[in-house]
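Reader: I would like a close look at one part of this model, followed outward into whatever surrounds it. Please keep the account to what can be read from the coordinates.

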Amino acid sequence: FLIGFLDDLFNLNPYLRLLLITLFLFIFLLNEEGFLLNKIYFETFNRFKILGWMNIIFTIFCILAIINAFNLFDGLNGLSLSYFLMIFIYLLFKFNSVQVIPFILVCIILIYFNLKNKIFLGDAGVYFLSTYLGLKIIEIHNNTELLFSSENIFILLMIPGIDMFRIFFERII
């Protein structure tokens, strides 16, 4: 949240933002190993991929991808908030993840005001919600691997991910 807030205020250099977020995630994951992706379950092949020493790098990459995807996806009023809301509702009902209930309520309230042009997420809001979402998905995956496979996660995050790649290719061209 703090990095996004500073970016909203001072329009930080993108490389500095990336460095700060990576550093924050690295320090956080060193202290909270329960959020590390140690293995990934592929339902299609009914196999696990053990990440070994790559676990912290891959975990940081995944969370950075979610943050960037939602940051780029947050273009139209209500778009990213609606998507966050759908995912949080899915996590609540599919995995009985009651910790997301406050986020569901906040998303509903924010969507109302966002559609009326009264409030915007900004980088601070997007960074906070997407970081929480990424960590929550990892936590659920680690605890229910066979129910929440990599394919399910990919499908859940596919639309912001495809949009991110589309924007990257447009900017490169």
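How many bridges join β1 to β2, and do these strands run parallel or antiparallel?

Author: This is a predicted model, in which local features need pLDDT of at least 70 and side-chain atom pairs count only at pLDDT 80 or more, while totals for chains, interfaces and linings use all residues. Residues are numbered from 1 along each chain as its sequence is written, and side-chain values use heavy atoms, with hydrogens and water left out.

To the question: β1 and β2 are joined by 4 bridges and run antiparallel. Two strands pair if DSSP finds at least two bridges between them. Strands here are DSSP runs of E with at least two residues, helices are runs of H or I with at least four, and both are numbered from the N terminus. β1 covers 39-42 and β2 covers 47-50. At one end of the pairing, K39 stands opposite I50 in β2.

The hairpin has 4 residues between its strands, and N46 is where phi turns positive, near 50°. N46 is a residue other than glycine, and its place is in the loop between β1 and β2. The relative accessible area of N46 is 56%, so N46 is exposed (over 50%; buried means under 20%, partly exposed in between, with a 1.4 Å probe and protein chains only).

A second asparagine resembles this one in its backbone. N96 is not a glycine either, yet its phi is positive, about 55°. The loop that holds N96 runs between α4 (79-95) and α5 (101-115). N96 counts as exposed because its relative accessibility is 59%.

The segment before the hairpin has neighbours from elsewhere in the chain. G34 is found in the loop between α2 and β1, and it counts as exposed because its relative accessibility is 51%. From G34 to L135 the C-alpha distance is 9.6 Å, although the two are 101 residues apart in sequence. N142, in helix α6 (residues 122-143), touches G34, F35, L36 and L37, with residues up to four places away in sequence not counted and contact meaning heavy atoms within 4.5 Å. N142 has a relative accessible area of 22% and is therefore partly exposed. The C-alpha atoms of N142 and F24 are 21 Å apart, across 118 residues of chain.

N55 also reaches this segment. Its place is in helix α3, and with residues up to four places away in sequence left out, N55 touches L36, L37 and N38. L36 and L37 thus appear among the contacts of N55 and among those of N142. At 13% relative accessibility N55 counts as buried.

Helix α3 leads on to the packing of the helices on either side of the hairpin in sequence. α2 (residues 14-31) and α3 (residues 55-73) pack at an angle of about 130°, with their axes 10 Å apart; axes are lines fitted to C-alpha atoms, for helices over the stretch in contact, and angles run from 0 to 180 degrees between N-to-C directions. The two helices are therefore oblique to each other, given that angles under 35 degrees count as roughly parallel, over 145 as roughly antiparallel, 65 to 115 as roughly perpendicular and the rest as oblique. Their crossing is right-handed, that is, the near helix is turned clockwise from the far one by less than a right angle, anticlockwise being left-handed. By class, this contact has 11 nonpolar, 2 polar and no charged residues (Ala, Val, Leu, Ile, Met, Phe, Trp, Tyr, Cys and Pro count as nonpolar, Asp, Glu, Lys and Arg as charged, and the others, Gly among them, as polar). From α2 the residues are L18, I21, T22, L25, F26, L29 and L30; they meet I56, T59, I60, I63, L64 and I67 of α3.

Another helix pair involves α4, which precedes the loop of N96. The axes of α4 and helix α7 (residues 150-172) come within 11 Å and cross at roughly 175°, which means that α4 is roughly antiparallel to α7. In this contact Y83, I87 and Y90 of α4 meet I155, L156, L157, M158, I159 and P160 of α7, and its residues divide into 9 nonpolar, no polar and no charged.

L91 lies in α4 as well, and with a relative accessible area of 0% it is buried. Beyond four places in sequence, L91 touches N96, S97, L133, K136, I137, I140 and F148. Between L91 and I159 the C-alpha separation is 17 Å, over 68 residues of chain.
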